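Biologist: Got a minute to go through this model with me? I'd like to hear what stands out.

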Amino acid sequence: VLFFCLLVIWIGYAQWKKRQPQDPDNFYSAENGTPEEKLEKLNAQLAKQPTALTYTRKAAILTDLTRYDEALTALDESTAIAPKDNETAHTQYVAYLRGSVYLAQERYEEAISCLDKSLKLLPKEEEKTHLHMLSLKASAYFYQQSYEESLAIFQQILAATPNDANA
């Protein structure tokens, strides 16, 4: 069982690294510069006109750079100025990013809580994102040695993707 869990976590992590947040203007593409260059651009944009989207992008880049405390601060800033007309989508995405940061910081209970919140707010039609967040949640349970919970979630993922060799 332990080997199975480790294998599924490794596969889930590989898929997570390949996936990018919703990115209609291709901001996260490697063609747009290094993470440090993107961070410079974001800081310049924030100096001119701060937006919730720019702060969430900054948080994602800071997470990639393993600057987790700064990423959490950027998420706080994003939440403080988020437009009310898109509050649910923003709250869902920020909870997902927070969960990812907490998982990286080995703050597993907080990661699970944030991922649960994000999963509740995620639209049903976003199945790939849903499965990805479930794999992060299962990883958090695994790392805190709650193997039964982790395995149950991974089995749920596998049941939802019976024909997917990458699941």
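**Helix packing chat**

Modeller: Sure, and keep in mind that this is a predicted model. Let's start in the middle: helix 3 (52–64) and helix 5 (87–104) are among what covers the buried residues of helix 4.

Biologist: Which residues of helix 4 are buried?

Modeller: Y68, A71, L72, A74, L75 and S78 are the buried ones in helix 4. They sit on the same side of helix 4, because the arc they cover around the axis is only 160 degrees.

Biologist: And what is exposed on the other side of helix 4?

Modeller: On that other side, D69 and A80 are exposed.

Biologist: What span should helix 4 have at 1.5 Å a residue?

Modeller: Helix 4 runs over residues 68–81, so its 14 residues should span 20 Å, and the end C-alpha atoms are 20 Å apart, which agrees.

Biologist: OK, packing next. At what angle do helix 4 and helix 5 pack?

Modeller: About 165 degrees, and their axes are 10 Å apart. That angle is over 145 degrees, so helix 4 counts as roughly antiparallel to helix 5. The crossing of helix 4 past helix 5 is left-handed.

Biologist: Which residues meet there, from helix 4 and helix 5?

Modeller: From helix 4 you have Y68, A71, L72, L75, D76, S78 and T79. They meet H90, V94, L97, R98, V101, Y102 and A104 of helix 5.

Biologist: S78 keeps turning up. Is S78 buried or exposed?

Modeller: S78 has a relative accessible area of 0%, so it counts as buried. It is part of helix 4.

Biologist: What is S78 in contact with, leaving aside neighbours within four places in sequence?

Modeller: A52, Y55, T56, H90 and V94. There's also a C-alpha to C-alpha distance to quote: S78 and T54 are 7.8 Å apart in space, with their positions 24 residues apart in sequence.

Biologist: Back to helix 5. How do the axes of helix 5 and helix 7 cross?

Modeller: They cross at roughly 30 degrees and come within 11 Å, with helix 7 being residues 127–143. An angle under 35 degrees counts as roughly parallel, so that is the label for helix 5 and helix 7. This crossing is left-handed. On the helix 5 side the contact is made by Q92, Y96, S100 and L103, and on the helix 7 side by H132, M133, L136, S139, A140 and Y143.

Biologist: What about helix 6, which residues are buried there?

Modeller: In helix 6, the buried set is Y108, A111, I112, C114, L115, S118 and L119. Their arc around the axis is only 170 degrees, which puts them on the same side of helix 6. E109 and K120 are exposed on the other side. Helix 5 and helix 7 are among what covers the buried residues of helix 6.

Biologist: How far apart are the end C-alpha atoms of helix 6?

Modeller: They are 20 Å apart, which agrees with the 20 Å that the 14 residues of helix 6 (residues 108–121) should span at 1.5 Å a residue.

Biologist: Switching to loops. Which residue in the loop between helix 5 and helix 6 should I look at?

Modeller: E106 lies in that loop. E106 has a positive phi of about 65 degrees although it is not a glycine. With a relative accessible area of 57%, E106 is exposed.

Biologist: And what sits in the loop between helix 7 and helix 8?

Modeller: Q145 is found there. Its phi is near 65 degrees, again a positive value in a residue other than glycine. Q145 counts as exposed, at 58% relative accessibility.

Biologist: Anything in helix 8 itself? Where is S150?

Modeller: S150 belongs to helix 8 (residues 147–160). S150 is buried, with a relative accessible area of 0%. Leaving aside neighbours within four places in sequence, S150 is in contact with A138, Y141 and F142.

Biologist: Zooming out, how many helices and strands does the protein chain have?

Modeller: Eight helices and zero strands.

Biologist: And how much of the protein chain counts as buried?

Modeller: 44% of its 167 residues. As for contacts between residues at least 6 apart in sequence, 50% join residues at least 24 apart.

Terms used:
Residues are numbered from 1 along each chain as its sequence is written. This is a predicted model: local features need pLDDT of at least 70, side-chain atom pairs count only at pLDDT 80 or more; totals for chains, interfaces and linings use all residues. Side-chain values use heavy atoms; hydrogens and water are left out. Helices (H or I, at least four residues) and strands (E, at least two) are DSSP runs, numbered from the N terminus. The expected span of a helix is 1.5 Å times one less than its number of residues. Buried means under 20% relative accessible area, exposed over 50%, partly exposed in between (1.4 Å probe, protein chains only). The arc is that of the directions from the helix axis to the C-beta atoms. Contact means heavy atoms within 4.5 Å. Axes are lines fitted to C-alpha atoms, for helices over the stretch in contact, and angles run from 0 to 180 degrees between N-to-C directions. Angles under 35 degrees count as roughly parallel, over 145 as roughly antiparallel, 65 to 115 as roughly perpendicular and the rest as oblique. A crossing is left-handed if the near helix is turned anticlockwise from the far one by less than a right angle, and right-handed if clockwise.
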